[in-house]
Structure formats: structure tokens, C-alpha cells
Amino acid sequence: NDILQPEHYHWFANYLVVKRISTQPNLHPLCIVIVDNLNRSSLGKLVLESTYHNVTKLLQSPNITTSSSERSLLRNLGMWLGQMTLARNKPLLQRRINLKELLFWGFETGRLIAVCSFVAKIVEGAKESKVFCPPNPWLMALLAIMRELYEIDDLKLNIKFEVQVLCKHINIKIEDIPRANELSQCRVPVKDSRNPDFNISKNAAAA
């Protein structure tokens with residue numbers, strides 16, 4: 001605490017996010033204790049800012065749909081973000097990340113394989129929240145989109161599984177989530193062999 005000076009904050013926040021938080025989820029509780037015990041509000045804000053920055057870089061990476069290691073980093077950052085915000089009854093910064101719009105974007109661009117898991121890990125933080133838990137309107141609207149995605153017949157099973165696991169974590173049944181009808185407003189994704197979000201039948205592939 002004595003050694004860490006304000007001129008080190010940017011470096012320390014970036015180091016914590018890139019070298020520890022994104023790669024070692026088992027150390028998340030320790031990292032939270034460190035940030036809390038340092039008790040520097042500006043440092044906490046920089047850690048969150050660095051998290052958002054690195055999330056954006058990963059989401060825009062051309063390899064995010066093919067690289068399991070990049071998706072793992074993204075999931076870990078999602079878990080951390082949920083612990084630092086929702087689990088502490090704090091909202092996500094809407095100007096930095098809009099989870100509903102992110103799901104729509106993932107659906108349209110063939111990046112749902114990365115986006116759905118990332119969003120689910122953030123929302124898992126709600127299991128410890130007294131504010132962001134059912135029937136919180138923000139949470140239920142988000143879950144409604146995820147149920148709508150879940151019910152797409154040819155969606156990959158591993159994406160559906162992310163929704164199942166999330167519902168189990170926050171103690172809600174999929175069938176109890178009100179249905180949304182918002183994907184109809186999205187651009188229909190191309191369902192071919194290049195889109196990792198969908199199971200492509202042999203007949204469709206031949207066509």
C-alpha cells in the first residue's frame with residue numbers, strides 16, 4: 001500500500017487485468033481483496049476501465065470465434081465484471097457495454113459462440129445480488145433475449161448449454177422466463193459452414 005503511488009495506477013490496473021484476472025479466474029477473490037484493501041477509488045475505476053478496454057479488444061478480435069484461448073480470456077473477464085458490478089449491486093456502465101445489444105450483434109455476426117458465454121458469465125454475478133435478481137426488469141429483459149436464442153432449433157448445443165448453466169446459477173427455470181420477440185428485428189445471420197453458431201445440415205450445406 002505504501003509502495004503503490006498514483007503514477008503506478010494505470011500500470012498496476014492493466015497488469016492486474018491482463019496478467020492475472022483474464023488468465024487466472026481462481027485468483028479473482030484474491031484480486032478483489034487486493035483492490036478493496038488498497039481502498040483507492042481511482043484505482044478501482046481504472047481496473048474496471050481496463051477490463052472494459054480488454055473486453056472490447058477481444059470481442060473485436062478476428063480470432064474470437066476460432067480461438068478457444070481468446071474465448072476463455074473473454075469468459076474470465078465476464079466473470080470478473082459480474083463480480084465487480086452486479087454481485088455488488090452496481091450496474092454495468094451502459095455507455096461501455098450494453099448486454100442486450102451485444103447479444104443482438106453476436107447473433108447477426110456469427111459471434112454468439114463468444115458473446116453468449118461472456119454475457120452469461122457476467123450475469124452469474126447476479127446470484128449474489130439483492131438488486132439484480134429476478135424479477136429485476138433489466139435482468140428479466142436480458143434473460144428473455146437469451147431464452148429466445150435458446151429456443152432456436154439449429155443453435156449449437158454448447159451455446160444453449162451456457163443459457164442452461166446460467167439459469168441454474170441464478171435459480172430460475174428457462175420456462176419461467178417471459179418470451180421475447182426481438183430477434184425478428186435483427187438481421188438474419190447467414191447459416192453456413194463459416195458461421196460457428198449453428199448446426200448446418202448436409203442438405204443445407206449442399207444447397
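Is S22 buried or exposed? In this predicted model, S22 is buried, with a relative accessible area of 6%. Since burial is assigned under 20% relative accessible area, the value for S22 satisfies that criterion. The residue S22 is located in the loop that connects α1 (9-21) with α2. Leaving aside residues up to four places away in sequence, S22 touches V17, S72, L73, N76 and L77. One of these partners, V17, is itself among the buried residues of α1, which also include Y9, F12, A13, L16 and I21. The elements that cover the buried residues of α1 include α2, α3 and α4.

A further serine, S67, occupies a position in the loop between α3 and α4 (68-84). S67 is likewise buried, at a relative accessible area of 16%. A polar contact of 2.9 Å is formed between the side chains of S67 and S69.

Helix α7 spans residues 137-150 and comprises 14 residues. From the first C-alpha to the last, α7 reaches 20 Å, close to the 20 Å expected at 1.5 Å a residue. Because 10 of its 14 residues are buried, α7 is largely enclosed by the rest of the structure. The buried positions are L139, M140, L142, L143, A144, I145, M146, R147, E148 and L149, a set in which the charged residues R147 and E148 appear. Elements covering these buried residues include α5, α6 (112-123) and α8 (157-169). At the start of α7, a side-chain oxygen of N136 comes to within 3.0 Å of the backbone nitrogen of W138.

The loop between α6 and α7 contains P135. The peptide bond joining P134 and P135 is cis, with omega at about 10 degrees. Most residues other than glycine have a negative phi, and most peptide bonds are trans. Two asparagines have positive phi values: phi is near 55 degrees for N39 and near 60 degrees for N89. N39 is found in the loop between α2 and α3, whereas N89 is placed in the loop between α4 and α5. With a relative accessibility of 65%, N39 counts as exposed; N89, at a relative accessible area of 33%, is partly exposed.

Pocket analysis was also carried out on the model. Rolling a probe the size of a water molecule over the atoms shows where empty space is left. The largest pocket has a volume of about 360 Å³. Its lining consists of 18 residues, of which G44, K45, L48, M84 and K90 are the closest to the pocket centre. Both α2 (28-38) and α3 (41-59) supply at least two residues of this lining, and α3 gives the most, with 6 residues. By character, the lining of the largest pocket divides into 7 nonpolar, 4 polar and 7 charged residues.

The second largest pocket has a volume of about 170 Å³. The residues Y52, V55, T56, L59, Q60, R96, I97, N98, E101, L102 and W105 line this pocket. At least two residues of the lining come from each of α3 and α5 (99-109), and the largest share, 4 residues, is from α3. The lining of the second largest pocket is made up of 6 nonpolar, 3 polar and 2 charged residues. Helix α3 thus gives the most to the lining of the largest pocket and also holds the largest share in the lining of the second largest pocket.

Note on methods:
Residues numbered from 1 in each chain as written. Predicted model: local features only at pLDDT ≥ 70, side-chain atom pairs only at ≥ 80, totals over all residues. Heavy atoms only, no water. 1 Å grid on protein atoms, 1.4 Å probe; cavity = no way out; pocket = protein on both sides within 12 Å on 5 of 7 lines; lining within 4 Å. Points joined across faces, edges and corners; volume = space filled by probe spheres on them. Expected span 1.5 Å × (residues − 1). Buried < 20%, exposed > 50% of the residue type's maximum accessible area, 1.4 Å probe, protein only. Contact = heavy atoms within 4.5 Å. Polar contact = N/O pair within 3.5 Å; in protein donor to acceptor, adjacent residues only side chain to side chain.
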